[in-house]
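Walk through this structure with the coordinates open. The tour moves from backbone details to helix packing, then to voids and ring pairs.

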Amino acid sequence: MDLHFNLREIVTASMVLFAVIDIVGSIPIIINLRNKVGHIESGKASVVSACIMVAFLFVGEEILKLIGIDVNSFAVAGAFIIFFLAIEMVLGVTLYKDDEAETASIVPIAFPLIAGAGTVTTLLSLRAEYYVENIIVAIIINVIFVYFVLKSSSKIERLLGKNGLNVIRKIFGVILLAIAVKLFTANINQLF
């Protein structure tokens, strides 16, 4: 097996994934979820999201085809989830409510927040341009950063304070709305 490690590809793929995952922009959502459920299993969320991304890198398109869903439909569904998360942030309402949950690890943090429709769609696009091993390194770099952000969410909350978090929550809520609309409009045309 011939490996084609390329620093330029790793850096570019890492930056693209960093922008799409937007874990820094998701800090208000993470803090809000932690306040709702009490505990976030950072390691579990990071490992599961990495597994989802790597699995999708190899078999994503085939899985979607197998169950009769195309990438565009998947992206539109992800846009709806992002839209409702953004509505919660901007309006201060609660749409996602899970009374049974004691932790927030896999849903909604690992999927769809970290390894959501935008991320897996991006991975499928990157695969067309870059070698798989470089994309895997980029995934690992991003997951390590995600882990540290999840682990230190309470410190970030103390640093910013309640008013700072509210301002950031509203700003990133609007940004998430824009991302949801862009994801929706970019993919809805492909369905018809």
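**From a turn to the voids and rings**

Start at Gly-38. This glycine sits just after α2 and takes a positive phi of about 90 degrees. The model is predicted, so local features are read only where pLDDT is at least 70.

Now step back into the helix itself. α2 spans residues 27-37. Is α2 mostly covered or mostly open? It is mostly covered, with 8 of its 11 residues buried. The buried set is Ile-27, Pro-28, Ile-29, Ile-30, Ile-31, Leu-33, Arg-34 and Val-37. Note that Arg-34 is among them. What do these buried residues pack against? Their partners are α4, α5, α7 and α8, where α7 covers residues 132-151.

Two other backbone features deserve a look. Asp-22 has a positive phi of about 50 degrees, although it is not a glycine. Asp-22 is placed in the loop between α1 and α2. Further along the chain, the peptide bond from Val-107 to Pro-108 is cis. Its omega is near 0 degrees. Pro-108 belongs to helix α5.

Next come the enclosed voids. The structure holds 1 cavity of 30 Å³ or more. The volume of the largest cavity is about 50 Å³. Which residues line the largest cavity? They are Ile-29, Asn-32, Leu-33, Lys-36, Leu-85, Glu-88 and Met-89. Two elements, α2 and α4, each give two or more residues to this lining. The largest share, 4 residues, comes from α2. Ile-29 and Leu-33 line the cavity, and both are also buried residues of α2. By class, the cavity lining has 4 nonpolar, 1 polar and 2 charged residues.

The open space comes next. The largest pocket holds about 480 Å³ of space. How many residues line the largest pocket? There are 22, and Val-20, Gly-118, Thr-119, Ile-179 and Leu-183 lie nearest its centre. Several helices contribute two or more residues to the lining: α1 (7-21), α4, α5 (106-114), α6 (117-129) and α8. The lining of the largest pocket divides into 12 nonpolar, 8 polar and 2 charged residues. α4 thus needs a second look, as it gives residues to the pocket lining and to the cavity lining.

Finish with the aromatic rings. The structure holds 4 aromatic pairs. In one of them, the rings of Phe-80 and Phe-184 have centres 5.6 Å apart and planes at 70 degrees, so the pair is edge-to-face. The cut-off for that class is over 60 degrees. Why does this pair tie together parts that are 104 residues apart in sequence? Phe-80 lies in helix α4 (residues 71-91) and Phe-184 in helix α8 (residues 153-191), so the pair joins those parts. Phe-80 counts as partly exposed, at 43% relative accessibility. Phe-184 is also partly exposed, with a relative accessible area of 29%.

A further pair is formed by Phe-83 and Phe-84. Their ring centres are 5.5 Å apart and their planes stand at 75 degrees, so this pair too is edge-to-face. Phe-83 is partly exposed at 30% relative accessible area. Phe-84 is partly exposed at 44%.

Note on methods
Residues numbered from 1 in each chain as written. Predicted model: local features only at pLDDT ≥ 70, side-chain atom pairs only at ≥ 80, totals over all residues. Heavy atoms only, no water. Phe/Tyr/Trp six-rings, centres within 6.5 Å; stacked < 30°, edge-to-face > 60°. Buried < 20%, exposed > 50% of the residue type's maximum accessible area, 1.4 Å probe, protein only. 1 Å grid on protein atoms, 1.4 Å probe; cavity = no way out; pocket = protein on both sides within 12 Å on 5 of 7 lines; lining within 4 Å. Points joined across faces, edges and corners; volume = space filled by probe spheres on them. Nonpolar A, V, L, I, M, F, W, Y, C, P; charged D, E, K, R; others polar. Contact = heavy atoms within 4.5 Å.
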